[in-house]
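Walk through this model one feature at a time. Keep the sequence and the coordinates open as you read.

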Amino acid sequence: MTKHINLPFDDGGCGWYAALAPRPDVRRLQSRQRADYAVIGAGFAGLAAARRLAERLPEARILLVDAQRAGFGASGRNSGFVIDLPHKFALEHPDPAHKQRLLRLNRAAIAQLRGLIEQHGIDCQWSHAGKYQGAVGPRGQAYLDHFERLLGELGEPFRRAGRQELKAVLGTEHYSDAIFTPGCYLMQPAALVAGLARSLPPNVELLEESPIRRLERDGQGGWTLHGDDGSIATPTLLLGTSIFTQEFGYLRNRLLPVMTFASWTRPLTDAELARHGGQLDWGLTPADHAGTTVRMTQDRRLIIRNTYKHVPRYGRSTSDAMREQVRAKHRAAFLARFPQLADVPFSHTWGGVYAISRNFTNFFGELDQGVYATACDNGVGAAWGTISGTLLADRAIGAGSEQLRDIEAVTGMPSRNPPEPFLGIGVRSRIQLAAWSSRSEL
């Protein structure tokens, strides 16, 4: 039994979510419910798990419950990249087979999302735009050289893009060099999550704004999920709760809650777009991991993302004053890249919490009798959440596949963290050191 659940506490400033059309009325958990399967968390993982269960078991009753609206939480707050390549530290794994498995899984997730978007007409700025990984100076170029070697070992296509191409596409001379990889897709994350939620199979019932505050094992070997105004009894529970998995008593002291922040502009006018001088619909991630991510959306908004914070109390670890400081850092990064747009304001600044582990290992599988989870996305939630949620449903019902064998081969147990206060001191020190070392790339 769990005692107290620290719930999501996301800020109300997410531009992606604010840009959505009006949502249908919310349906909340009320009274005592029974379900063949219950899924907690309506992000990429939970939505994929519920959908897969419904497709495999069309007669089953499946309840998908979230403490917030679908699209308001972490899955709707990322920068909108769906990346096919093994990500950062995973790309450095010594086993080529490990990396190929990750590549297959990521591409299966992309194909799955693309199919759902086409099938259900989800308007989410989905685009096969590829991705730049950009360097500002010598430090970033050294990272690019390393990235090029890793891509060569993986046998994946790429090309170097020099300053002139970057200026023509990005509208800035800030970057000296970049590597372009073609397999990445871009999207509007909150619109995609909301669209996936609207298009769930009929035997999935979505209950939003319905926090689950306590889990309790019942006398028949199943579980009861206790909410504010109702409960759910189920023999099988799937957790798509990422960092909040530890709030239910699992993976305690193994996950690190980190928040990253983004700001975006209002849509550029025709005159501002001409001053920008670049193209629409591109994305750039930093060669230096602690650098700045930049995007231009299809609807003419420029996005700046940087700054990381250790948030042991999730959204409650932040404040308006902290967000103002972050916004000032974003403004400096924006002006360094787009001085010709100095008069264009930011309209929104927001943060989003994700889970990392000290050994960069994702958890996937059974946590307890009748309890299954995918947790710890290590910063690549869209693709990983989609495929891991899908395969978690297969794992829960005993449906084997090559993809399931792949994901079981590349996941494991996140390493244990040191106790507080040493953990917090260490994480904050690492983040500060990374920011200082990467200051020339910010």
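The second largest pocket has a volume of about 290 Å³. A pocket here is an open set of points on a 1 Å grid over the protein atoms alone, where a 1.4 Å probe fits, with protein on both sides within 12 Å along at least five of seven lines. The volume is the space filled by probe spheres set on the points. Lining residues have an atom within 4 Å of a point. There are 17 of them, and Q246, N253, L255, E420 and L423 lie nearest the centre. The lining divides into eight nonpolar, five polar and four charged residues.

This is a predicted model: local features need pLDDT of at least 70, side-chain atom pairs count only at pLDDT 80 or more, and totals for chains, interfaces and linings use all residues. Residues are numbered from 1 along each chain as its sequence is written, and side-chain values use heavy atoms, without hydrogens or water.

Next, the sheet. Four strands (DSSP runs of E, at least two residues) form an open, mixed sheet in the order 1-12-11-10. Strand 1 (31-34) and strand 10 (212-217) are its edges, each pairing on one side only. Strand 10 runs antiparallel to strand 11 (residues 223-227), joined by five bridges; pairing takes at least two bridges found by DSSP. Within this pair, R214 stands opposite H226.

Last, the cysteines. Why are there zero disulfides (cysteine sulfur pairs within 2.5 Å)? The sulfur of C14 is too far for a bond, because its closest cysteine sulfur, in C124, is 15 Å away. For C184, the closest is also in C124, at 13 Å, again too far. C14 is buried (under 20% relative accessible area, 1.4 Å probe, protein chains only), at 2%. C184 is buried at 1%.

Terms used: A disulfide is a pair of cysteine sulfur atoms within 2.5 Å. Buried means under 20% relative accessible area, exposed over 50%, partly exposed in between (1.4 Å probe, protein chains only). Ala, Val, Leu, Ile, Met, Phe, Trp, Tyr, Cys and Pro count as nonpolar, Asp, Glu, Lys and Arg as charged, and the others, Gly among them, as polar.
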